[in-house]
Amino acid sequence: MKKIAIIGAGITGLSTAFYAKKAGHAVTVFDKNAEVGGVMQSHSQNGFIYESGPSTGVASLPEVVELFEDLGIRSKMEEAPSLSGNRFILKSGKLHPIPSNPISGLLTPLFSWKDKFGMPFEPFRPRGTDPNETLTSFVKRRLGESFLNYAVDPFVSGVYAGTPDDMIPRFALPKLYNLERDYGSFIRGSIAKMRQPKTARDKKASKKTFSAKGGLSTLTESLKNSIGTENFVMNSSPIVTPQEGKFSVQVGEKNYGIFDRVIFTAGASHVFEVFPFAKENFADASAVLYAKVAVAAVGFKHWEGLPLNGFGALMPSKEKRNILGILYMSSLFQNRAPQNGALLAVFVGGLRHPEFVSMSDAELKNLIGKEVAEILHLKQFNPDLFEITRHEEAIPQYDLKTPLREKAYRGIEEAFPGILMGGNGIDGIGMAKRIAQGRALAEKI
């Protein structure tokens, strides 16, 4: 048994602590916030259940399902219905479904005829030679400009709150990058991947959108209870000091003793708050650009707009809208709104408009109201629920700073054996990536 200090009580830190304790280690989790879960927080108000941080996850890795199973709450994992496959892109003021088959791909107005007819030639286009090529260049080269503008650009703004001009596929979208690297083509690579046999464990990765019944806090609260509330030190800003091959952890005037391992799972911008001794030689560990995002939970007891028969809608940069996207939360999960009502999650800011995050609640309500009413055909914007949450460090951008950050993280681990570095600054974003990283960190102990 080892004594483990875990920095951060977000989903990564909670997953780490859960699996470390399950393996027989003594864990203490430190976090600056009053509640566990980091940005994952669910709320119940006026007949609505809404999230003030991430709204959904994707079961893209088996570790997601296994975490629910290991916690004994598999029945509380809620997967979105099949209509969640209906995803919409705004073009010229109208929502269009993302094509789901070759015929709809040919008929959609989202893409140009030139790019549509160019698709059969994608397997014959040469591989790229620049490993640090931007996503903009990467997609234009393989698929064409209209696919960039009305498929990839809105996806990047919806997932990363970023822009394809800043994204480096090798770091931000490694699966896509590897299709070209390994197979020379998106189409050839996708066909080859589909033909690969899957184990029973592989099949757990359904790639379905998921949440938890009652909101994502159901998952984080279950993790907290399994880890043991006595093993958390909340409202704390720990400072770690190496001490004869082990580590001392201090919070204010109180010393929490000596730990065999320290596992960092917080944001990259906070590395040197925890490890001040590492700043001189590993300054790039905090080289990170975060997108600012405001999330609005918007609820209606009686919905009178367009039918919300899908996952949601994304806004391409070309359309010059003031929001990034809208998720139809009450269509995805049960009991999120009163019967005949609707719950939306609306996202504002990102790298497109970081200044919007600083607006007052009244200004944001006015901005969001105009956008939602026009896009979803509401005669008036008079919601029964309107709650804004601002995130100054919402989503790290996987840009050219990423390899510098990764090298510095590895350097800290090598220079100070016993420290393990994680968090959303490396290995990708998204709930599945965070859960998998947390489990992997625990296994490294």
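**Close-up 1. Strand β18 gives the largest cavity the largest share of its lining, three residues.** This view comes from a predicted model. Welcome to the wall of the cavity: β18 spans residues 342-349, and the lining includes Leu343, Leu344 and Ala345. Strand β4, residues 48-51, joins in, as β4 and β18 each supply at least two of the lining residues.

**Close-up 2. The full lining of the largest cavity takes in Tyr50, Glu51, Ser55, Ala297, Met329, Leu343, Leu344 and Ala345.** How many residues of each class are found here? By class, six are nonpolar, one is polar and one is charged. The volume enclosed is about 40 Å³. If you are looking for further cavities of 30 Å³ or more, the structure holds just one.

**Close-up 3. Three strands form an open sheet in the order β5-β9-β6.** Their pairing is antiparallel. Why does one side of β5 and of β6 lack a neighbour in the sheet? Both β5 (57-58) and β6 (77-79) stand at the edges with a single partner strand each, so one side of each is left free of a sheet neighbour. As a friendly reminder, strands of a sheet pair through backbone hydrogen bonds, in either a parallel or an antiparallel way.

**Close-up 4. Strands β5 and β9 meet over two bridges.** Here we zoom in on one pair from the sheet. The strand β9 covers residues 209-212, and its pairing with β5 runs in the antiparallel sense. Which residue of β9 is the bridge partner of Val58? Look for Thr209, which takes that place opposite Val58.

Methods:
Residues numbered from 1 in each chain as written. Predicted model: local features only at pLDDT ≥ 70, side-chain atom pairs only at ≥ 80, totals over all residues. Heavy atoms only, no water. Pairing = 2+ DSSP bridges. Helix = DSSP H or I, 4+ residues; strand = E, 2+ residues; numbered from the N terminus. 1 Å grid on protein atoms, 1.4 Å probe; cavity = no way out; pocket = protein on both sides within 12 Å on 5 of 7 lines; lining within 4 Å. Points joined across faces, edges and corners; volume = space filled by probe spheres on them. Nonpolar A, V, L, I, M, F, W, Y, C, P; charged D, E, K, R; others polar.
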